[in-house]
Amino acid sequence: MKKNFLLIAALAICTTSFAQNFLGMKIKKFGVTMSHDEDRVKGLDAAYFTNLSKTPFKADIAAHEFPENTITSMTCENPAVRLDITVLPFTARPNLQLNMGTSLMVNRIDATGYGFWDNDYYGASYGDRNYSDIEFSSYSNEVALDASMVWHQKLAFLHFYGGAGSNLGYTFAGNMNVNGSYTTDESMVGVGVDGVSVENMETVYFQENHNMKNSLHQRVFLQGGVSIIFLKRLELGFEARRGVGYRYNTGNPAKFTNLLSAGFNLRWNLK
């Protein structure tokens with residue numbers, strides 16, 4: 001009985017110590033952030049998706065040309081959840097705070113669409129196929145480590161903060177979808193009343209799926225936000241980030257990225 005009591009007491013002391021300190025720094029708060037991130041890739045084109053696939057595309061798509069002026073749409077959407085702790089690197093300066101944590105992005109979407117209708121490239125073909133449109137879209141997940149140093153300042157009932165940070169992420173379990181349509185010109189099926197030949201044109205819709213290579217991501221960013229504290233402990237805030245980075249995977253040169261992020265956070269302040 002005495003041994004059990006001593007064990008419980010030791011665990012309580014260790015738990016209390018960790019609840020107040022992390023790596024020798026005083027813990028200020030715990031939090032969670034829900035954000036919408038746009039990690040825009042420079043050069044999100046057909047060649048990027050081709051190199052990202054673990055398996056080769058069908059011969060006609062791989063041999064197709066994709067001029068830049070035929071791009072009709074680009075999408076980079078990354079819903080994210082971040083869990084973090086805030087510590088005080090210098091207890092004498094409580095306004096200077098270090099945020100450390102991890103984030104998870106589920107179903108990150110990167111997509112690029114091509115249209116070959118209203119330009120000189122329309123009609124370019126592979127065999128008897130004349131492509132009208134092709135879209136590449138990928139879905140993946142990312143886990144990342146995150147750190148930022150910010151300065152807090154209270155004005156009236158609002159808490160403002162700003163600073164800079166960086167994160168390092170790894171993308172895994174990705175899947176890519178390629179879909180579009182093309183027309184086929186079959187042999188002459190008849191002659192019209194005016195003597196003009198009549199051909200049978202058919203529109204065919206296609207789709208194929210590929211597993212994706214894993215990727216490495218790194219970003220640096222500026223960060224700012226504002227929050228309100230309720231009941232002396234509960235902190236509700238809005239936060240935004242703007243930064244740059246790169247994305248790398250085997251077979252692709254590193255691609256530069258531009259980060260735009262905004263979201264809401266909820267934090268619990270310790271005494």
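Let's start with a term: two strands pair if DSSP finds at least two bridges between them. Helices and strands themselves are DSSP runs (H or I over at least four residues for a helix, E over at least two for a strand), numbered from the N terminus. The model you're looking at is predicted, so local features need pLDDT of at least 70 and side-chain atom pairs count only at pLDDT 80 or more, while totals for chains, interfaces and linings use all residues. Residues are numbered from 1 along each chain as its sequence is written, and side-chain values use heavy atoms, with hydrogens and water left out.

First, the overall layout. The protein chain has three helices and 11 strands, and reading along the sequence gives the pattern α-β-β-α-α-β-β-β-β-β-β-β-β-β. Of its 271 residues, 38% are buried, where buried means under 20% relative accessible area, exposed means over 50%, and partly exposed is in between, using a 1.4 Å probe on protein chains only. As for contacts (heavy atoms within 4.5 Å), take those with a separation of 6 or more: residues 24 or more positions apart account for 74% of them.

A good place to begin the tour is strand β11, residues 252-269. On one side of the story is β10 (residues 234-249), which runs antiparallel to β11 and is joined to it by 15 bridges. One of these partnerships links N249 with N252. Between the two strands of this hairpin sit two residues, and G251 takes a positive phi near 95 degrees there. Strand β2 (residues 25-41) also runs antiparallel to β11, with 13 bridges between them. Here D37 has S261 in β11 as its bridge partner.

While we're on β2, have a look at T33, which belongs to this strand. Is T33 buried or exposed? With a relative accessible area of 1%, T33 counts as buried. Leaving out residues up to four places away in sequence, T33 touches A80, V81, R82, D84, F264, N265 and R267.

Next come the empty spaces. Rolling a probe the size of a water molecule over the atoms shows where empty space is left. On a 1 Å grid over the protein atoms alone, a cavity is a set of points where a 1.4 Å probe fits but cannot get out, a pocket is an open set with protein on both sides within 12 Å along at least five of seven lines, and lining residues have an atom within 4 Å of a point. Grid points are joined across faces, edges and corners, and a volume is the space filled by probe spheres set on the points.

How many cavities of 30 Å³ or more does the structure hold? There are four. The largest has a volume of about 70 Å³, and its lining includes D37 and S261, the bridge partners you met earlier. R82, E142, D146, R219 and R241 are also among the lining residues. Strands β4 (96-115), β6 (129-155) and β11 each give two or more residues to this lining, with the largest share, three residues, coming from β6. By class, the lining divides into three nonpolar, three polar and six charged residues. (Ala, Val, Leu, Ile, Met, Phe, Trp, Tyr, Cys and Pro count as nonpolar, Asp, Glu, Lys and Arg as charged, and the others, Gly among them, as polar.)

The second largest cavity has a volume of about 60 Å³. Of the 13 residues lining it, R82, D84, N99, D146 and R241 lie nearest its centre. The largest share of this lining, four residues, is from β4.

For an open space, turn to the largest pocket, with a volume of about 280 Å³. It is lined by 17 residues, and K28, P94, N95, Q97 and H159 are the closest to its centre. β2 turns up again, giving the most to this lining with four residues.

Finally, the nonpolar cores: sets of buried Ala, Val, Leu, Ile, Met, Phe, Trp, Tyr and Cys residues joined through side-chain atoms within 4.5 Å. The largest has 19 residues, and I61, Y131, I134, F136, M176, V178 and F206 have the most contacts inside it. Helix α2 (46-52), β6 and β7 (158-191) each supply at least two residues of this core, and α2 gives the most, with four. Beyond its neighbours within four places in sequence, V178 is in contact with residues including F57, I61, I134, F136 and F206. Another core lies apart from this one, with five residues, among them M25, I27, I85 and V87.
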